[in-house]
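Reader: I would like a close look at one part of this fold, and then at what surrounds it. Please keep it brisk.

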Amino acid sequence: MRKFLYAALLLSLVFGTQSCSYRKLAYLQDMEELKTYDVTEAPDVRIRKNDKIKILVSCTNAPLAAPFNLTGGATDVNIVTGSIGSAAVKEEGVEYLVDNEGCILFPVLGSLRVEGMTLKQLKEEISNLIIEKKYINDPIVTAEFTNFQITILGEVGSKGNYIVKDNRITILQAIAMAGDLTTYAQNDNIWVIRTEGGERQVYPIDLRSKSCFDSPGFWLQQDDVVYVKPRKAKLDGGSQLALTITSTVLSGLSALGSILYWTGAFKN
């Protein structure tokens, strides 16, 4: 009977350790299979000061759009014919920096206040102004961020700065892009640090729970910092080696003890 209790205790310790490791490392533990959940749509990304935006104006009569895609001065431009003197034209679009006043200086149209707009609103604004001033009847305006980047720090496989090309990324996609969390990571308290309107806000996210989908930090914004905190302080190289050796020895002794125990149990 005593040997049976010892065996039961040993099995409890083994499965208890595995269960503990699962709770520490597994994502979305409270989600259920074949059950539907509400989806939080990606919020519109708003233009901020110091953002960089590439804008291209085109139309069926290409020369008419050329003055709106200038990289240099526009002193020798015929807006009726589209002929250009010395200014260079960028057919793939021109990058604009949003200044400290929240404006960009756009060819022909002049200064445009764009801070707080979405890219859709910006495209509509430029298109409407071109039509209102009767420069082009059918302008096609495209715009995209060129500085939409996030920074990922802490306990991930590959920390660093990452450019997001389609301006849409979730915290889960960002972590996957950075090589997933390490075994030292706190997956229940990941910080998304966001700066908006001169203020910095921290959104804690628990990846073990489906509640992470409802966090304002789930959909990342431009210049967000994702910080994955360590679960415990890392040891230096020598201490880590000593701990690894000690753990290996103890595991070996435990396995040897188990073998001897079961050998004696079968003999009896």
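Which residue in β2 stands opposite I53? Please start there, and then take me through the rest of the strands.

Author: The residue is Y96: it stands opposite I53 in β2. Bear in mind that this is a predicted model.

The I53 pair belongs to a short ladder. Strand β1 covers residues 52–58, and 4 bridges join it to β2. The two strands run antiparallel. They sit in an open sheet of 3 strands with the order β2-β1-β5. The pairing there is antiparallel. The edge strands are β2, at 94–97, and β5, at 140–145. Each of these two pairs on one side only. Neighbouring strands of this sheet are turned against each other by 30° on average, with direction ignored.

A helix covers part of this sheet. Helix α3, residues 119–132, packs on the sheet and touches β1 and β5. The direction of α3 makes about 150° with that of β5. A general point helps when you look at I53 and its partner. In a regular strand, side chains alternate between the two faces of the sheet.

Two loops on the way into this sheet deserve a look. L28 lies in the loop between α1 (2–25) and β1. Its phi is near 50°, a positive value in a residue other than glycine. K134 lies in the loop between α3 and β5. K134 is not a glycine either, yet it has a positive phi of about 60°.

Next comes a hairpin. Strand β3 (residues 103–106) pairs with strand β4 (residues 110–113) in the antiparallel sense, over 4 bridges. L105 stands opposite S111 in β4. The hairpin has 3 residues between its strands. In this hairpin V108 takes a positive phi, near 70°.

Now the other open sheet. This one has 5 strands, in the order β7-β6-β10-β8-β9, and its pairing is mixed. β7 (160–163) and β9 (199–205) stand at the edges with a single partner strand each, so one side of each has no neighbour in the sheet. Neighbouring strands here are turned by 20° against each other on average, direction ignored.

Take this sheet ladder by ladder. Strand β6, residues 149–154, is joined to β7 by 4 bridges, and the two run antiparallel. The bridge partner of Q149 in β7 is I163. A hairpin of 5 residues takes the chain from β6 to β7. β6 also pairs with strand β10, residues 225–228, over 4 bridges. That pairing is parallel. There, I152 stands opposite V226 in β10. Strand β8, residues 190–196, is tied to β9 by 7 bridges, and these strands run antiparallel. V192 of β8 faces its partner across that ladder: V192 stands opposite Y203 in β9.

The pocket is worth a stop too. The largest pocket has a volume of about 280 Å³. It is lined by 15 residues, and the closest to its centre are R48, K49, T195, E196 and G197. T195 and E196 fall within β8, whose residues are 190–196. The lining divides into 1 nonpolar, 7 polar and 7 charged residues.

How far should you trust the model? The chain averages a pLDDT of 81, and 71% of the residues score at least 70. One stretch calls for caution. Over residues 7–22 the pLDDT is below 50. Beyond near neighbours in sequence, that stretch has 5 contacts in the model. It lies within α1, which spans 2–25.

Back to your starting point. I53 and Y96 face each other across β1 and β2, two strands held by 4 bridges. Of the two, β2 is an edge strand. On the way along the sheet, β1 sits between β2 and β5, and α3 touches both β1 and β5.

Notes: Residues are numbered from 1 along each chain as its sequence is written. This is a predicted model: local features need pLDDT of at least 70, side-chain atom pairs count only at pLDDT 80 or more; totals for chains, interfaces and linings use all residues. Side-chain values use heavy atoms; hydrogens and water are left out. On a 1 Å grid over the protein atoms alone, a cavity is a set of points where a 1.4 Å probe fits but cannot get out, and a pocket is an open set with protein on both sides within 12 Å along at least five of seven lines; lining residues have an atom within 4 Å of a point. Grid points are joined across faces, edges and corners, and a volume is the space filled by probe spheres set on the points. Ala, Val, Leu, Ile, Met, Phe, Trp, Tyr, Cys and Pro count as nonpolar, Asp, Glu, Lys and Arg as charged, and the others, Gly among them, as polar. pLDDT is the predictor's confidence in each residue, from 0 to 100. Contact means heavy atoms within 4.5 Å. Two strands pair if DSSP finds at least two bridges between them. Axes are lines fitted to C-alpha atoms, for helices over the stretch in contact, and angles run from 0 to 180 degrees between N-to-C directions.
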